[in-house]
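Reader: I've got a model open and I'd like to learn how to read it. Could you walk me through some features, one at a time?

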Amino acid sequence: GRIYRFQDETHGKSPLVGEVSKLMKEGFAHRDPTELGFLLAHPDQRIRLRAQMTLVEKNAVETLTSAAQKGEGFFDRLHGIWGLGQLGRSKPSVLKPLLSLFKDSNPEVRTQVAKVCGEASYAEAAVG
């Protein structure tokens with residue numbers, strides 16, 4: 001078999017591609033939680049995931065909670081929820097601020113909150 005590689009020259013010159021490359025080369029560990037919180041809304045999923053993972057490593061509960069509850073976009077809200085879910089597996093009490101999101105207007109937000117609370121066996125989220 002042969003391997004062929006195709007590259008869109010126009011896409012490679014996009015400012016977004018340059019920004020992603022720069023962010024990846026610089027890394028995330030040195031960035032403060034505020035900047036990482038902003039990156040949770042980045043158009044590139046790789047950047048959002050790295051920002052989420054770094055916030056979890058830094059135990060930045062406040063930043064993740066703010067993103068989950070008040071994020072302006074869909075992606076930053078989800079990454080905030082997922083990050084709290086990661087932390088909630090070892091310390092379920094960080095999930096408490098997510099309980100208000102069970103009444104969110106977005107069904108995917110409600111679904112993801114239920115998922116992370118269930119994975120953490122967070123009893124406070126149980127209905128009944």
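Author: Sure, let's start with a charge over a ring, meaning NZ of Lys or CZ of Arg is within 6 Å of the ring centre and within 35 degrees of the ring normal. Here, the charged end of arginine 48 sits over the ring of phenylalanine 75, 3.9 Å from its centre. Likewise, arginine 31 has its charged end over the ring of phenylalanine 28, 5.6 Å from the centre. Bear in mind that this is a predicted model, where local features need pLDDT of at least 70, side-chain atom pairs count only at pLDDT 80 or more, and totals for chains, interfaces and linings use all residues. Residues are numbered from 1 along each chain as its sequence is written, and side-chain values use heavy atoms, with hydrogens and water left out.

Reader: How many aromatic pairs are there?

Author: A pair of aromatic rings is described by the distance of the centres and the angle of the planes. Rings of Phe, Tyr and Trp (its six-membered ring) pair if their centres lie within 6.5 Å; planes under 30 degrees apart are stacked, over 60 edge-to-face, and the rest tilted. That gives one aromatic pair. The ring centres of phenylalanine 74 and phenylalanine 75 are 5.9 Å apart with planes at 55°, so the pair is tilted.

Reader: Is phenylalanine 74 buried, exposed or partly exposed?

Author: Buried means under 20% relative accessible area, exposed over 50%, and partly exposed in between (1.4 Å probe, protein chains only). Phenylalanine 74, at 36%, is partly exposed, and phenylalanine 75, at 42%, is partly exposed too. Across the 128 residues of the chain, 38% count as buried.

Reader: What helices and strands does the chain have?

Author: Both are DSSP runs numbered from the N terminus: helices are H or I, at least four residues, and strands are E, at least two. This chain has seven helices and zero strands.

Reader: What span should helix α2 have?

Author: Take 1.5 Å times one less than the number of residues. For the 12 residues of α2 (residues 15-26) that gives 16 Å, and the end C-alpha atoms are 16 Å apart, which agrees. After α2 comes glycine 27, with a positive phi near 85°.
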